[in-house]
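Here's a quick walk through one sheet and one surface patch. Have the structure open while you read.

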Amino acid sequence: MINPTMGHDIHTHPESDEVLVILEGTGQQTVGDSGKFDVGPGDSIFIPKGTEHSTFNTGWKQLRILAIYLPGGAELALRGAPDYARLAAGAAPLWVRG
């Protein structure tokens with residue numbers, strides 16, 4: 001989840017491919033030297049391992065993203081995020097308006 005006017009700085013995942021699925025909201029994405037491109041609900045973005053990329057929320061509500069790492073492991077870095085929460089198996093996240 002990315003709040004309005006916020007984003008992720010350019011970064012890489014050296015050991016994992018990443019697939020982003022935009023669930024809700026609008027934003028701009030970069031992948032490698034693609035330049036910025038608009039993303040919205042239903043869009044999927046493939047980011048090969050080691051490729052620089054960034055995401056920025058351009059909308060007025062939260063940008064909700066499903067991030068999948070292949071192979072898994074890169075997601076462990078997210079545990080240091082200030083809003084990180086671990087849910088019990090089968091528990092659905094509670095979505096809160098930003």
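## The sheet and the patch

Strand 3 (residues 27-31) pairs with strand 6 (residues 53-57) in the antiparallel sense, over five bridges. Keep in mind that this is a predicted model. One spot to look at in this pairing is Val31, whose bridge partner in strand 6 is His53.

Now zoom out. The open sheet has four strands in the order 1-6-3-4, with antiparallel pairing. Which strands stand at the edges? They are strand 1 (7-11) and strand 4 (37-39); each has a single partner strand, so one side of each is left without a neighbour in the sheet. On average, neighbouring strands here are turned by 25° against each other, direction ignored. As for what holds such an arrangement together, strands of a sheet pair through backbone hydrogen bonds, either parallel or antiparallel.

Back in strand 6, have a look at Thr55. Is Thr55 buried or exposed? Its relative accessibility is 5%, and the cut-off for buried is under 20%, so Thr55 counts as buried. The Thr55 side chain also makes a polar contact with the side chain of Gln29, at 2.8 Å.

Over to the surface: Leu23, Leu66, Ile68 and Leu70 make a nonpolar patch of about 330 Å². Strand 7 (residues 64-70) gives the most to this patch, with three residues. Leu66 sits in strand 7 and is partly exposed.

Here are the two residues with their accessibility side by side:

| Residue | Strand | Relative accessible area |
|---|---|---|
| Thr55 | strand 6 | 5%, buried |
| Leu66 | strand 7 | 40%, partly exposed |

Methods. Residues are numbered from 1 along each chain as its sequence is written. This is a predicted model: local features need pLDDT of at least 70, side-chain atom pairs count only at pLDDT 80 or more; totals for chains, interfaces and linings use all residues. Side-chain values use heavy atoms; hydrogens and water are left out. Patches are made of residues with over 30% relative accessible area and no salt bridge: like charges are joined within 9 Å, nonpolar side chains (Val, Leu, Ile, Met, Phe, Trp, Tyr) within 5 Å. Accessible areas come from the Shrake-Rupley method with a 1.4 Å probe; for residues, only the protein chains shown count as cover. A salt bridge is a side-chain nitrogen of Lys or Arg within 4 Å of a carboxyl oxygen of Asp or Glu. Helices (H or I, at least four residues) and strands (E, at least two) are DSSP runs, numbered from the N terminus. Buried means under 20% relative accessible area, exposed over 50%, partly exposed in between (1.4 Å probe, protein chains only). Two strands pair if DSSP finds at least two bridges between them. Axes are lines fitted to C-alpha atoms, for helices over the stretch in contact, and angles run from 0 to 180 degrees between N-to-C directions. A polar contact is a pair of N or O atoms within 3.5 Å; within protein, one must be able to donate a hydrogen and the other to accept it, and residues adjacent in sequence count only if both atoms are side-chain atoms.
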